[in-house]
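Please work through the exercises below with the sequence and the coordinates open beside you. Each task is followed by a solution that goes step by step.

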Amino acid sequence: MGRAVTVATCALNQWALDFEGNLERIVRSIDIAKSKGARYRLGPELEICGYGCSDHYYESDTLLHSFQVLEKLLESPATQDIICDVGMPVLHRNVRYNCRVIFLNKKILLIRPKISLANAGNYRELRWFTPWSKARHVEEYFLPRIIQEVTGQETVPFGDAVLATKDTCLGAEICEELWAPNSPHIEMGLDGVEIFTNSSGSHHVLRKAHARVDLVNSATAKNGGIYILANQKGCDGDRLYYDGCAMISMNGETVAQGSQFSLDDVEVLVATLDLEDVRSYRAEISSRNLAASKVNPYPRVKVNFALSCPDDVAVPTCVPIQWRHHSPEEEISLGPACWLWDYLRRSKQAGFLLPLSGGIDSSATACIVYSMCNQVCLAVKNGNADVLADARRIVNDDTYTPEDPREFCKRVFTTCYMASENSSQDTCNRAKLLAEQIGSYHINLNIDVAVKAVVGIFSVVTGQTPRFSVHGGSSRESLALQNVQARIRMVLAYLFAQLTLWARGMPGGLLVLGSANVDESLRGYLTKYDCSSADINPIGGISKTDLKNFIQYCIENFQLTALRSIMSAPPTAELEPLVDGQVAQTDEADMGMTYAELSIYGKLRKIAKAGPYSMFCKLINMWKDICTPREVASKVKHFFRMYSVNRHKMTTLTPSYHAENYSPDDNRFDLRPFLYNTSWSWQFRCIDRQVNAL
């Protein structure tokens with residue numbers, strides 16, 4: 001009868017503007033799909049050029065090279081006898097669109113432009129593309145000559161249409177359209193489309209995967225049908241990690257699940273599904289059928305091809321599975337680790353250097369690098385030739401095979417404890433023990449000579465010698481002395497990153513890792529151009545609360561017992577003098593707020609879009625059992641003063657892995673002024689009036 005269709009979707013680790021590498025990964029995915037019997041293959045959004053091209057989309061070169069790659073795909077034997085659905089930018093009548101190009105046997109069937117563009121948070125698609133606003137309308141697209149010579153076509157359909165094969169009907173969605181309130185799959189399903197496809201460029205955020213899965217399953221739960229989702233994976237050149245999760249769903253249930261985090265550059269999912277299951281599911285939903293009888297039909301592009309075989313009664317079909325979600329601690333362990341690996345291999349550096357203070361943040365960063373080493377060893381053990389080749393190039397040894405995470409860590413990871421006269425022996429011991437347990441190459445050094453030299457220059461020039469508060473100095477003197485220590489650590493970190501391998505007789509340089517968490521960045525509790533200034537920061541989008549839970553996860557799963565004492569110690573910068581050999585300075589006392597409070601402020605400021613007055617109004621109810629309105633007002637005012645005074649630090653914030661929706665990243669995600677009127681006079685008066693009324 002021709003009822004069992006075999007379809008494939010994939011997650012590809014594409015890289016912006018890496019046309020050669022992107023082409024190779026696309027062809028490899030098509031080869032795998034065909035080898036598993038698939039008759040249709042779906043790829044991620046803008047996979048030909050890579051999703052993160054940003055302002056390179058303005059360049060005609062990006063369009064030209066995309067068509068050159070399309071030419072290679074059309075000519076490739078791999079693309080014969082399988083419908084291929086690829087993503088690329090297309091200029092139609094001088095307007096640039098984000099498109100799917102669907103082709104079969106050297107003929108382009110349809111170019112389908114994106115209808116709903118992603119333009120919130122990290123997404124800026126309206127900057128580069130125009131949405132297709134002509135519903136159910138198709139125009140002629142004149143192909144470039146290089147494509148005409150391959151296809152023999154002068155024009156092809158361009159617009160909002162669906163494909164009608166000999167056995168079924170397919171309709172495309174592109175990423176954001178699934179999240180839109182008026183998703184195209186609703187009307188397409190009513191018009192008889194049985195297979196919906198979605199090519200995505202969706203990035204990882206902690207606790208987000210379930211929302212994507214729920215949307216895909218709900219798309220076919222009410223309307224019936226098969227839903228196929230492809231997604232990019234990996235770091236394609238910026239702060240985002242695209243987290244795969246390719247999936248296939250039918251009638252509201254998942255039938256195939258791809259990995260969320262892995263080092264595989266190409267992952268292909270294939271499923272065989274019975275179209276009669278879709279038809280029988282829809283047949284008994286009377287409300288759907290009544291709506292379908294009134295729907296405005298889509299233009300159909302007829303395709304003389306079938307996704308099924310005539311004699312398929314005995315072909316086994318896929319059954320529903322239970323989606324397995326990662327815990328937030330697992331996400332922190334895996335997502336930033338994969339991001340670091342992509343950054344390391346693509347930057348062609350020889351490893352990482354981390355200033356390891358013995359506190360929670362730098363220790364969590366060290367654990368993420370250790371997790372990366374663990375993932376590399378697992379991938380090599382599972383036969384991943386790409387990872388093995390990258391590992392050998394990084395360590396400069398063509399015969400090397402990473403088998404033990406600790407041994408690999410020793411080769412690619414250098415940790416450095418930078419002591420001063422204000423450092424305690426406890427933090428030194430904690431850093432040393434953790435370095436031993438993860439296997440990093442560990443350096444102990446003392447920065448006092450450099451600090452005294454810098455302060456000495458100031459004293460020679462001005463005749464004044466600044467002192468710490470505990471020695472009778474002012475708060476200005478004390479803060480300046482703390483900042484000198486912090487900034488010298490940054491200078492030394494880069495010096496050792498450049499020359500440590502040289503001193504050890506090894507080639508290459510190291511990337512410097514930062515370890516400021518999202519809450520400290522929001523509050524501005526860091527020295528501008530201190531060790532928070534680095535090449536990249538894997539924890540810059542993660543809260544202190546989540547990092548503590550991650551540390552506990554590492555104790556249990558990696559048996560890193562050194563983390564127990566790190567967990568129990570109060571967070572401290574160790575920049576002020578010790579008292580009787582013990583640390584007297586703590587982060588929360590310095591900040592005037594707890595990390596738990598900071599997370600709440602961050603979520604209200606960014607996610608709930610709350611200014612000072614709205615935040616106060618929300619918190620007097622949230623904290624009514626623990627704070628008076630006057631205390632809440634005082635806390636809110638203090639937060640906004642500190643946030644606005646320190647906002648300028650976000651303009652130079654180290655590029656960080658994006659993991660949290662209240663990130664203060666000034667580059668693209670959280671666009672705000674960095675010169676504020678820090679008195680907030682009008683806003684604070686509104687709060688005061690409300691306090692007095694209460």
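## Exercise 1: Helix α21 and its surroundings

In this predicted model, the buried residues of α21 are Tyr595, Glu597, Leu598, Ser599, Tyr601, Gly602, Leu604, Arg605 and Lys606.

Task: Describe the span of α21, find what its buried residues pack against, and work out how α21 and α23 are oriented to each other.

Solution. Begin with the span: α21 has 12 residues and reaches 16 Å from its first C-alpha to its last, which is close to the 16 Å expected at 1.5 Å a residue. Next consider burial, where nine of the 12 residues of α21 are buried, so that the helix is mostly covered. The partners against which these buried residues pack are α17 (518–523), α18 (544–557), α20 (587–591), α22 (612–622) and α23.

Now take α23 by itself. The axes of α21 and α23 are 12 Å apart, and the two helices pack at an angle of about 75°. Because angles of 65 to 115 degrees count as roughly perpendicular, α21 and α23 are described as roughly perpendicular to each other. On the α21 side of this contact are Glu597, Leu598, Tyr601 and Arg605, and they meet Lys635, Phe639 and Tyr643 of α23. Sorted by class, the contact of α21 with α23 has four nonpolar, three charged and no polar residues.

## Exercise 2: Salt bridges across the chain

Task: For the pairs Arg605 and Asp670, Arg100 and Asp85, and Arg93 and Glu139, state which parts of the chain are linked and whether each partner is buried or exposed.

Solution. As background, side chains of opposite charge can pair when their charged atoms come close. The cut-off needed here is a side-chain nitrogen of Lys or Arg within 4 Å of a carboxyl oxygen of Asp or Glu, and by this rule the count comes to 36 salt bridges.

Step one returns to α21, where the side chain of Arg605 forms a salt bridge with that of Asp670, at 2.9 Å from N to O. This pair links distant parts of the chain, since Arg605 is in helix α21 (residues 595–606) and Asp670, 65 residues apart from it, is in the loop between α23 (629–646) and α24 (681–693). Arg605 is buried, with a relative accessible area of 1%, and Asp670 also counts as buried, at 0% relative accessibility.

Step two concerns Arg100 and Asp85, whose side chains meet in a salt bridge at 2.7 Å, N to O. Here strand β4 (residues 95–104) supplies Arg100 and strand β3 (residues 83–92) supplies Asp85, the two residues being 15 residues apart. Both Arg100 and Asp85 are buried.

Step three is the pair of Arg93 and Glu139, with a salt bridge of 3.2 Å from N to O. Arg93 lies in the loop between β3 and β4 and Glu139 in strand β6 (residues 138–142), so this salt bridge ties together parts that are 46 residues apart in sequence. Arg93 is exposed, with a relative accessible area of 58%, whereas Glu139 is buried, with a relative accessible area of 9%.

A last step looks beyond single pairs: Asp265, Asp342, Arg345, Asp390 and Arg393 are linked in a network of salt bridges.

## Exercise 3: Backbone angles and helix α14

Task: State where Arg93 and Arg136 lie and what their phi values are, then describe α14 and the residue just after it.

Solution. The starting point is that most residues other than glycine have a negative phi. Arg93, in the loop between β3 and β4, has a positive phi near 55°. Arg136 likewise has a positive phi, of about 55°, although it is not a glycine, and its place is in the loop between α3 (125–128) and β6.

Helix α14 (residues 425–438) has 14 residues, and its reach of 20 Å from first C-alpha to last is close to the 20 Å expected at 1.5 Å a residue. Its buried residues are Thr427, Cys428, Arg430, Ala431, Leu434, Ala435, Gln437 and Ile438. Among the elements that cover these buried residues are α11 (360–381), α13 (405–412), β18 (413–419), β19 (441–446) and α19 (563–568). Just after α14 comes Gly439, which takes a positive phi of about 95°.

Methods: Residues numbered from 1 in each chain as written. Predicted model: local features only at pLDDT ≥ 70, side-chain atom pairs only at ≥ 80, totals over all residues. Heavy atoms only, no water. Helix = DSSP H or I, 4+ residues; strand = E, 2+ residues; numbered from the N terminus. Buried < 20%, exposed > 50% of the residue type's maximum accessible area, 1.4 Å probe, protein only. Axes fitted to C-alpha atoms, helices over the stretch in contact; angles between N-to-C directions. Parallel < 35°, antiparallel > 145°, perpendicular 65-115°, else oblique. Contact = heavy atoms within 4.5 Å. Nonpolar A, V, L, I, M, F, W, Y, C, P; charged D, E, K, R; others polar. Expected span 1.5 Å × (residues − 1).
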